[in-house]
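The exercises below ask you to follow salt bridges, pockets and one annotated residue through a protein model, and each is followed by a worked solution. Please keep the sequence and the structure in view as you read.

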Amino acid sequence: MVVTTTTSASDEHLHCTFASRYARTSLPRFKIPDGSMPKEAAYQIVNDELMLDGNPRLNLASFVTTWMEPECDKLIKESINKNYVDMDEYPVTTELQNRCVNMIAHLFHAPVGDDETAIGVGTVGSSEAIMLAGLAFKRKWQAKRKAEGKPYDKPNIVTGANVQVCWEKFARYFEVELKEVKLREGYYVMDPAQAVEMVDENTICVAAILGSTLTGEFEDVKLLNELLTKKNKETGWNTPIHVDAASGGFIAPFLYPELEWDFRLPLVKSINVSGHKYGLVYAGVGWVVWRSTDDLPDELVFHINYLGSDQPTFTLNFSKGSCQIIAQYYQFIRLGFEGYKNIMENCMENARLLKEGITKTGRFEILSKDIGVPLVAFSLKDDSKYTVFQISESLRRFGWIVPAYTMPPNAEHVAVLRVVIREDFSHSLAERLVSDIEKVVRELDDLPPRASVKTAHVTVDDLHRGKAEHPHLKKSISETERDICSYWRRISDKKTSGVC
């Protein structure tokens, strides 16, 4: 019997990817290709595509961890094929998650004993954690309203306009009205007094932010608790508080231990925190913890047994990786309280250094506060000639990714730049960033004013009509074009440390 075999492209011997046919063909964009290719070529081609991404370490827009120790990287790689939901097959991974929940609950002063199990769960991030906490509040409110024979079809939640978009997603996906306390210039967090005024009998909770995305500022949860306690006594509503500590939950306990924002306040029923932010783990892990079992309706917890044993689960996802949970436990035992405190102190010191450098330029107003998340938010004192958006775009030439954005209502007229200080942002990087900001500002100073640049946007007919009909044109089009070309020629002739 004759057996015929064929050799696929993936089996071919590849001397060099760039000497092969794969370097001269377009990559698939819409359909899976008919044939295969050698693994070396596939790796090289995908790796080359990714070179056009930004450098994560220089992405100062993100709060998310971009560096971990090699030992933890090794743990992640070794556990990357474990599906967390298979609790019966991976019982130790489940135990590590439970240990993390207990540690976080104690860090947030949950009323549990030293040997008691805390109530909480690991999530894909704070977005899922907020969805779960919000669902718990909605179901408890609905159950209470049903028992009282009252309508339960119009729940609402009170937040500041500075909340992260996941709160808007929760409101829209789960049909809850979002009542936002508007901001104002100079005050970019939720006003507790205004928030309590907006609370009514349909409010399922008030959400406070420990570490605003916009400025890093901590909202006054203690004052909110006091004002809401007084209103609850007057109305009998018993409206609770959720603390969104996505950014600040792993900062406040180490830097501001006396600050009361957590379960020490009676109305705080649940807290979420991002492990992949200042929990110092790569993207993909968040946590939510509840004060007690009474605050998590049992009807939301599912019990499954088709993976080998009875397993309670309360998540929006099912299958997910285990490696981030394992990495979180590694960080807890590796760093301990002292290690986390030292890292957060370093972050705050580097934020202070950056703030001083930016202030010394004389061009910016600092909007962020000294107490809060280690970041620097700043706006231009004079934006008549150029904007923060132009500064943001120009900084990319040096490799920096610094976001520029406008504030939410009612402070939309305020536009800011924001630099997030993470563990891997060093003293020398802060100095280099200040230097590059100064370069960019000087270059923008040499640009024609925005009004003059605008005059260059005319038609050919305008040229023929001449200046007589257009007295606002102080320069001819050719003169303006020469000025602009001359400016960019000077820029291109300079040697910089920019990323090509």
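**Exercise 1. How many salt bridges does a search of the whole structure find, and where do the partners of D200, E260 and K355 lie?**

Step 1. A search of the whole structure finds 20 salt bridges, where a salt bridge is a side-chain nitrogen of Lys or Arg within 4 Å of a carboxyl oxygen of Asp or Glu. The model is predicted, so local features need pLDDT of at least 70 and side-chain atom pairs count only at pLDDT 80 or more, while totals for chains, interfaces and linings use all residues. Residues are numbered from 1 along each chain as its sequence is written, and side-chain values use heavy atoms, with hydrogens and water left out.

Step 2. D200 pairs with K179, and their closest N and O atoms are 3.1 Å apart. This pair links distant parts of the chain, since D200 is in the loop between α6 (192–198) and β4 and K179 is in strand β3, 21 residues apart; helices (H or I, at least four residues) and strands (E, at least two) are DSSP runs, numbered from the N terminus. D200 counts as partly exposed because its relative accessibility is 25%, whereas K179, at 14%, counts as buried (buried means under 20% relative accessible area, exposed over 50%, and partly exposed in between, with a 1.4 Å probe and protein chains only).

Step 3. E260 and K222 meet through their side chains in a salt bridge of 3.8 Å, N to O. Because E260 lies in the loop between α8 (252–255) and β6 while K222 lies in helix α7, the pair ties together parts that are 38 residues apart in sequence.

Step 4. The side chains of K355 and D370 form a salt bridge of 2.7 Å, N to O. K355 is in helix α9 and D370 is in the loop between β10 (364–366) and β11 (375–380), so that distant parts of the chain, 15 residues apart, are linked. With 25% relative accessibility K355 counts as partly exposed, but D370 counts as exposed at 55%.

**Exercise 2. Which element gives the most to the lining of the second largest pocket, and how does that lining divide by class?**

Step 1. The second largest pocket holds about 410 Å³ of space. On a 1 Å grid over the protein atoms alone, a pocket is an open set of points where a 1.4 Å probe fits, with protein on both sides within 12 Å along at least five of seven lines, and lining residues have an atom within 4 Å of a point.

Step 2. Its lining has 23 residues, and W141, K144, W237, N238 and P240 lie nearest the centre. α4 gives the most to this lining, with 7 residues.

Step 3. By class, the lining has 8 nonpolar, 6 polar and 9 charged residues (Ala, Val, Leu, Ile, Met, Phe, Trp, Tyr, Cys and Pro count as nonpolar, Asp, Glu, Lys and Arg as charged, and the others, Gly among them, as polar).

**Exercise 3. Is K277 buried or exposed, and which residues does K277 touch?**

Step 1. An unreviewed UniProt entry places the feature "modified residue: N6-(pyridoxal phosphate)lysine" at K277, in the loop between β6 and β7 (286–290).

Step 2. K277 counts as buried because its relative accessibility is 15%.

Step 3. Not counting residues up to four places away in sequence, K277 touches F63, V64, T65, A246 and S247, where contact means heavy atoms within 4.5 Å.

Methods
Points joined across faces, edges and corners; volume = space filled by probe spheres on them. UniProt positions renumbered as here; feature names shortened; annotations may be inferred.
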